[in-house]
Amino acid sequence: ERPAPPLASSVNSRTPPYAKLLARLQQIRQLLPGRPLTLAEKILFSHLDNAEESLFEGTRNGQDIRGKATLKLKPDRVAMQDASAQMALLQFMSCGLPSTAVPASIHCDHMIVGEKGADTDLPNSIKGNKEVFDFLESAGKRYGIEFWPPGAGIIHQSVLENYAAPGLMLLGTDSHTPNAGGLGCIAIGVGGADAVDALVDAPWELKAPKVRGVRLEGKLSGWASPKDIILHLAGKLTVRGGTGYIIEYHGPGVESLSCTGMATICNMGAEVGATTSIFPFTPSSHSPYLRSTHRGAIAEEAARIAASGSQNLLAADAGAEYDDEVVIDLNKLEPHINGPFTPDLSTPLSAFKDAVVANHWPETFGAGLIGSCTNSSYADMTRAESLVQQATSAGLKPKADFFITPGSEQIRATVSRDGTMETFEKAGGVVLANACGPCIGQWNRTDLKQKNEANAIFSSYNRNFPGRNDGNRKTMNFLASPELVTAMSYSGRTDFNPMTDSIPLPNGGQFKFAPPTGIDLPSAGFAVGNPDFEPTAPFPDSSVSVAIDPSSDRLALLEPFDKFPDGELSGLRVLVKVKGQCTTDTISAAGPWLKYKGHLPNISLNTLIGAVSADTNAVNSVTDTNGSTHTIPELAFKWKDEHQPWIVVAEHNYGEGSAREHAALQPRYLGCRVVLAKSFARIHETNLKKQGVVPLTFVNEEDYDRIHGCDEISTEGLYDVLRQGGKGGEIKLVFKEAKGGSEFRVDVKHTLSKDQCDFILAGSALNVLAKRSKG
Ligand code: F3S
């Protein structure tokens with residue numbers, strides 16, 4: 001048995017504060033009498049700092065909360081992964097507090113490379129990142145944050161196994177934090193600056209999301225898996241379809257899903273841009289999972305609350321209204337494959353063969369990768385194992401390289417004990433460390449002859465933007481369930497359909513897979529695993545000094561950003577007019593750059609290197625006012641030195657893809673004051689505001705065509721809006737063309753709240769918090 005988690009103080013308890021939440025729910029019922037609530041609303045509203053203010057200010061007496069009200073929330077817990085934790089902690093440290101106000105955890109997962117296997121890769125990665133891991137561990141010990149060392153597991157799997165609980169509200173500095181919604185949490189991916197709000201007990205702001213219901217009917221069977229529900233939904237909603245929404249699953253089909261299957265579905269709600277996704281507490285799935293992960297007391301408490309009628313915090317009220325609804329019949333759902341290059345290009349398995357031909361996608365693929373934070377549950381692993389056993393009995397080996405990434409030490413130890421790992425390894429599978437590895441560009445890939453050749457891979461991961469996995473923008477990552485990835489790896493062909501096709505055997509016969517079978521939870525319980533991977537204790541120790549070497553090129557203390565000028569902005573220039581998709585990877589690339597996450601000047605050298613300039617039609621190539629050509633970061637650094645502030649102009653969904661706050665911090669550090677886009681991804685828009693950058697959108701999108709690099713800009717009306725806390729009148733940007741010098745005005749819109757105006761005027765949210773906490 002794993003020792004009981006430390007529960008020495010109520011602050012550090014892993015049990016949600018149910019008594020407080022239920023009392024708040026009662027208060028909400030009084031404020032909104034007769035209004036049935038969705039599950040998401042119940043949990044969100046019961047975490048409001050001041051319910052009356054949040055629900056009634058800016059709304060028609062609480063009638064139109066969704067999309068209108070600004071919720072000021074007090075989350076219960078914060079989780080941070082190693083790459084984003086560095087900046088979150090550096091920001092938290094600037095506030096000068098002795099400990100965090102809410103329980104928090106750090107998970108070392110992103111900075112671990114996948115190549116030869118866990119035994120070699122993990123020690124190498126620890127050696128290469130020692131300075132950063134030492135910093136995170138020392139900060140964890142000093143401020144009472146549980147530190148999960150490298151190799152312990154991937155943040156979302158560790159959170160699901162240890163911290164997620166029905167009714168909890170969690171912020172995580174990673175965009176797939178909604179994974180915990182599979183266990184009935186409101187779990188939202190945020191940037192480090194938002195996490196700092198919760199860590200210092202300042203209310204965290206969220207525009208009240210709309211709620212999209214997804215009604216599940218029927219029951220999955222055969223090859224169809226929970227992953228296929230979200231792959232199918234991503235195709236329906238597209239990468240922008242969830243923006244401004246929480247996705248709330250309900251209906252009879254929910255009962256048939258495992259807790260970890262629900263987590264997979266919620267995890268990939270990030271791929272449609274949803275604020276988060278959530279499932280109701282389902283005793284038949286959640287109680288066994290909570291018990292098997294040593295949280296029987298929470299299972300009992302949740303069951304009691306779920307049976308309490310109007311006090312049921314853990315499911316939607318009868319008659320709760322959704323802003324819109326999608327219905328999925330699980331009986332008819334077939335496996336899907338999504339990609340390449342975008343997770344919403346969804347093709348049913350039966351149509352994939354034709355799609356390969358029609359799109360000239362490669363007919364063969366080099367690697368099949370299963371596991372990761374999205375799909376490494378016991379059910380996922382045992383279903384994949386059942387296919388490997390079938391193929392092994394027929395004398396087959398995978399034709400593609402086959403990699404397995406366990407999501408946590410608990411999963412790894414359990415499937416090792418139960419023989420699953422041995423099955424994979426005997427088949428030639430390579431078991432990588434319990435970490436992100438190839439899912440985040442940390443993949444030392446060896447099977448390609450040329451590093452940037454066009455090729456295909458299949459993975460059970462969640463994200464497939466160009467360059468995401470191996471740094472090669474021509475690698476086409478097709479997303480599928482672990483069982484489909486496993487079966488297809490035996491064929492090595494992209495046009496193989498394991499439901500209908502056979503693989504030739506050396507003896508001239510044919511082998512055809514039977515549908516996979518698996519086990520949701522291990523009958524012998526979860527194994528404990530390596531005790532070195534247990535977290536540190538959650539108690540602050542002020543005698544620990546936080547390890548930062550002043551000469552380090554990996555870590556640097558933060559300097560406060562300058563405040564907004566006393567008046568309108570003028571003399572700004574367009575650094576780059578971005579053409580097409582601009583993800584957070586485009587703005588702040590991962591892979592080798594992860595190394596510099598804690599050193600703002602150094603990581604800023606990658607700023608916007610993936611962006612296509614609409615002027616030059618080239619990636620990472622812009623021109624200065626004198627006509628000289630530069631890379632984007634080169635020109636940004638030059639303009640920083642010349643005290644030349646600048647703006648970025650972009651198209652739709654600017655900053656999609658992740659919670660990466662470096663995508664806001666770096667431009668701000670280099671002198672960016674405004675981003676003008678056709679639309680923004682939610683997390684990134686918030687991150688910009690927190691760092692003191694003003695995000696604006698076009699009133700008329702056609703104005704995008706009138707703008708060019710180096711055009712000079714001043715603002716009209718922005719300063720008034722900021723001083724009036726987001727109210728004020730219209731804002732215009734006045735452009736003076738760099739070529740020709742003629743002037744034109746562009747009408748723009750903002751979504752600034754009062755607090756966000758204060759952040760921008762002060763220079764950043766951190767400047768406000770630091771001032772507040774230093775009194
Ligand atoms: Fe890690 Fe995020 Fe992938 S947590 S496993 S990089 S989706």
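## A parallel pair to start from

Let's begin with two neighbours: strand E21 (residues 572–577) and strand E24 (residues 646–650) run parallel and are joined by four bridges. Within this pairing, lysine 577 sits opposite valine 649 of E24. Helix H20 (residues 632–641) lies across both E21 and E24, and its direction makes about 170° with that of E21. Please keep in mind as you look around that this is a predicted model.

## The barrel around that pair

E21 and E24 belong to a closed barrel of seven strands, in the order E21-E24-E25-E26-E29-E28-E27. The pairing in this barrel is mixed. Leaving direction aside, neighbouring strands of the sheet are turned by 40° against each other on average.

Strand E29 (residues 743–749) is a good place to see the antiparallel side of that mixture. Two bridges link E29 to strand E26 (residues 694–698), and the two strands run antiparallel. Here threonine 697 has lysine 749 in E29 as its bridge partner. Strand E28 (residues 731–736) also pairs with E29 in the antiparallel sense, over six bridges. In that pairing, isoleucine 731 is partnered by valine 748 of E29. E28 and E29 form a hairpin, with six residues between the two strands. In the turn you will find glycine 740, whose phi is positive at about 105°.

## What the record says about this region

UniProt, in an unreviewed entry, lists residues 574–700 as "domain: Aconitase A/isopropylmalate dehydratase small subunit swivel". In the model, the C-alpha atoms at the two ends of residues 574–700 are 18 Å apart. Helix makes up 28% of this span and strand 19%.

## Three domains

Now for the wider view of the chain. The domain assignment divides it into domain 1 (10–329), domain 2 (336–442 + 452–511) and domain 3 (572–773). Taken over C-alpha atoms, the centres of domain 2 and domain 3 are 38 Å apart. Six residues from domain 2 and five residues from domain 3 take part in the contact between them. On the domain 2 side, the touching residues are two nonpolar, three polar and one charged.

## Around the ligand

Which domains supply at least three residues each to the shell around the ligand? Domain 1 (10–329) and domain 2 (336–442 + 452–511) both do. There are 14 residues around the ligand, and those that come nearest are Ser372, Cys373, Cys436, Cys439 and Ile440. Sorted by class, the shell holds seven nonpolar, four polar and three charged residues.

## An open parallel sheet

Elsewhere in the chain there is an open sheet of five strands, ordered E4-E3-E2-E5-E6 and paired in parallel. Its edges are strand E4 (146–148) and strand E6 (186–189), each of which pairs on one side only. From one strand to the next, the twist averages 20°.

Strand E2 (residues 77–81) pairs with strand E5 (residues 169–172) in the parallel sense, with three bridges between them. Valine 78 faces leucine 171 of E5 in this pairing. Helix H7 (residues 155–162) lies across E2, strand E3 (104–107), E4 and E5, and runs at about 150° to E2. H8 packs on the sheet as well, touching E2, E3 and E5. The direction of H8 makes about 145° with that of E2.

## Two backbone details worth a look

Following H8 along the chain brings you to aspartate 201, in the loop between helix H8 (192–199) and strand E7 (204–207). What is the sign of phi at aspartate 201, positive or negative? The angle is positive, at about 70°, although this residue is not a glycine.

The other detail is a peptide bond: the one from glycine 339 to proline 340 is cis, and its omega is near 5°. Proline 340 is placed in the loop between strand E12 (336–338) and strand E13 (346–348).

Methods: Residues numbered from 1 in each chain as written. Predicted model: local features only at pLDDT ≥ 70, side-chain atom pairs only at ≥ 80, totals over all residues. Pairing = 2+ DSSP bridges. Axes fitted to C-alpha atoms, helices over the stretch in contact; angles between N-to-C directions. Contact = placed C-beta atoms within 7 Å. Domains from an automatic or database assignment. Nonpolar A, V, L, I, M, F, W, Y, C, P; charged D, E, K, R; others polar. Near = placed C-beta within 6 Å. UniProt positions renumbered as here; feature names shortened; annotations may be inferred.
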